[in-house]
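Hi there,

Here is the structure I promised to pass on to you. Have it open while you read, and I'll walk you through what turned up.

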Amino acid sequence: MDQQEVSTLGDASALTAVAVPGARTDSWTAFNPELELLTSRAWVEIDAAQLRENLRLLQARLSPNVEIWAVVKANAYGHGAQLVAPLLVAAGAKGLCVATLAEGIELRQTGLQAPILILGALNTWAELQQAMAARLEISLTRAEQIPLLRQVASWAGRPVPVHVNVDTGMTRLGIPWQEAAAVWGQICRIPELEICSLFSHFATADEPNSPAMAQQESRFAQVVEQIRQAGDPLPPLHLDNSAAALTRLHYSRVRLGLVLYGLSPAPHLQVPGLRPILRLKARLTHIQTVPAHTGVSYGHRYITRRPSRIATLAIGYADGIPRRLSGWLRGWVRGGLIQQVGTITMDQCMWDVTERPDIQVGDVVELLGPHLGSMGLSIQNWADQLGTIPYELLCGLSARLPRVLVNA
């Protein structure tokens, strides 16, 4: 079932609401058939109410005149862009940011009318044509794009909406800050371009007291002042990402990503009440009792020391569970923790439930969610174990995991 079909489910709290009266809601019961199929193996739940609460908490920290543009690139950091983007717009986000042309088109095809900014570079006629046809807004990342943008505007019969990206020190995309004011003066006089904003991006906003961040702020301020002195008009300005917006604020727009999904960009940047909106769950599909000295999974890197009850969970590294978490991962089922054992395989992984005779085939195991989070077993905990960041792990959650709204 594709993502758009998933998004039509609405309130997936029906996981409990339509269960057979008196039946356990963590085992196979008489669900809505469509929802039963979606949750028969492994899936991601998105808490719509908590997403709205996160946005409200962040809005309360900002000045009333500051716009929030929600960053929903990379499938909303793995959360399901087609689910969360409409919720964010309805809750007050003024625009959306994506990384690629395809991401923007997919969102527009859902019927969203909000502005959608493509943060990545578009350099070809075909890309720009498609962006204009989908009413997407473009990042101007280098002056060499201007002639092509003018040609596309003539083809479309209307100006191309552009946001001018200034490279103040990220060294990724953007017009060098030393040249930005001059380029701005040029494009302000080109009728084929509709200037929507001027922006830059921090490289070290998640580091406390970063000299590089201060330098980028100063460079962007210099560009703005040069434009003012030249008498050229200024559009909305934005520099702050999630981390920067939690520490300081300078301009009329912020681009928020990770914090919307309830995660802090750094340990020193916490917002009371902000909570993760994602829950990762899977079902147990097989349980067997084996003797002592039995090898489990590929390579037999785990050998039972006693007669053991081994359960198979229908999720693996193809779903985004890193193989390097083999033997470390823990889950929550029926009110308690269980331990993963053996090598995590592509589609499945095994768990020792010897001490849990209550556990049955069909039970749901929470791998990420509020029960584990309250014990410190969060996506940040996974990232620390692997020497990476939560962004990478969330974006790695496979597209084959259905995204289902709860508390909608």
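Helices H4 and H6 are oblique to each other, because their axes cross at roughly 45°, and an angle between 35 and 65 degrees belongs to neither the roughly parallel nor the roughly perpendicular group. The two helices cover residues 48-61 (H4) and 81-90 (H6), and their axes come within 10 Å. The crossing is a right-handed one. If you want to find the meeting point on screen, look for Ala48, Leu51, Arg52 and Leu55 on the H4 side, and Val84, Leu87 and Leu88 on the H6 side. Sorted by class, that contact has 6 nonpolar residues, 1 charged residue and no polar ones.

One thing to keep in mind throughout: this is a predicted model.

Just past H4, in the loop that leads to strand E2 (67-71), sits serine 63. Is serine 63 buried or partly exposed? Serine 63 has a relative accessible area of 36%, so it is partly exposed. Compare its position with alanine 180: the two are 117 residues apart in sequence, and their C-alpha atoms are 28 Å apart in space.

Alanine 180 takes us to helix H10, which spans residues 177-187. Its buried residues are Trp177, Ala180, Ala181, Val183, Trp184, Gly185 and Ile187. What covers them? The list includes strands E5 (138-140), E6 (160-167), E7 (175-176) and E8 (193-199), along with helices H9 (146-156) and H11 (211-229).

H11 deserves a look of its own. H10 and H11 pack with their axes 9 Å apart, at an angle of about 25°, and they are therefore roughly parallel to each other. This crossing is right-handed. From H10, the residues Trp177, Ala180, Ala181 and Trp184 meet Arg219, Gln222, Val223, Gln226 and Ile227 from H11. The contact has 6 nonpolar, 2 polar and 1 charged residues.

Next, pick out asparagine 165, which is part of strand E6. Asparagine 165 has a relative accessible area of 7%, so it counts as buried, the cut-off for that being under 20%. Which residues is it in contact with, leaving aside its neighbours within four places in sequence? They are Leu140, Thr141, Leu173, Gly174, Ile175, Phe199 and Ser200.

Now for helix H7, residues 101-108. Since 6 of its 8 residues are buried, H7 is largely enclosed by the rest of the structure. The buried ones are Leu101, Glu103, Gly104, Ile105, Leu107 and Arg108. They pack against helix H5 (73-77), H6, strand E3 (95-98), strand E4 (116-118) and H8.

H8 runs over residues 125-133 and holds alanine 131. Alanine 131 is buried, with a relative accessible area of 0%. Not counting residues up to four places away in sequence, alanine 131 touches Leu101, Ile118, Leu122, Leu136 and Ile138. If you'd like a sense of distance, its C-alpha atom is separated by 36 Å from that of leucine 269, 138 residues away along the chain.

How many residues does the largest nonpolar core have? It has 118, and the ones with the most contacts inside it are Val72, Val84, Leu198, Leu280, Ile315, Leu367 and Trp382. You have already met Val84 in the contact between H4 and H6. For valine 72, the residues touched are Ala81, Val84, Ala85, Leu88, Leu96, Cys97, Val98, Leu107 and Tyr261, again leaving out those up to four places away in sequence. Apart from this core lies another one, of 6 residues, among them Val290, Val296, Tyr302 and Val341.

Finally, two backbone oddities to click on. Arginine 334 has a positive phi, near 50°, and is a residue other than glycine. You'll find arginine 334 in the loop between strands E15 (330-333) and E16 (336-341). Asparagine 407 also has a positive phi, about 55°, although it is not a glycine. Asparagine 407 comes in the segment after strand E19 (403-406), and at 34% relative accessibility it counts as partly exposed.

Have fun clicking around!

Technical notes: Residues are numbered from 1 along each chain as its sequence is written. This is a predicted model: local features need pLDDT of at least 70, side-chain atom pairs count only at pLDDT 80 or more; totals for chains, interfaces and linings use all residues. Side-chain values use heavy atoms; hydrogens and water are left out. Buried means under 20% relative accessible area, exposed over 50%, partly exposed in between (1.4 Å probe, protein chains only). Helices (H or I, at least four residues) and strands (E, at least two) are DSSP runs, numbered from the N terminus. Contact means heavy atoms within 4.5 Å. Axes are lines fitted to C-alpha atoms, for helices over the stretch in contact, and angles run from 0 to 180 degrees between N-to-C directions. Angles under 35 degrees count as roughly parallel, over 145 as roughly antiparallel, 65 to 115 as roughly perpendicular and the rest as oblique. A crossing is left-handed if the near helix is turned anticlockwise from the far one by less than a right angle, and right-handed if clockwise. Ala, Val, Leu, Ile, Met, Phe, Trp, Tyr, Cys and Pro count as nonpolar, Asp, Glu, Lys and Arg as charged, and the others, Gly among them, as polar. A nonpolar core is a set of buried Ala, Val, Leu, Ile, Met, Phe, Trp, Tyr and Cys residues joined through side-chain atoms within 4.5 Å.
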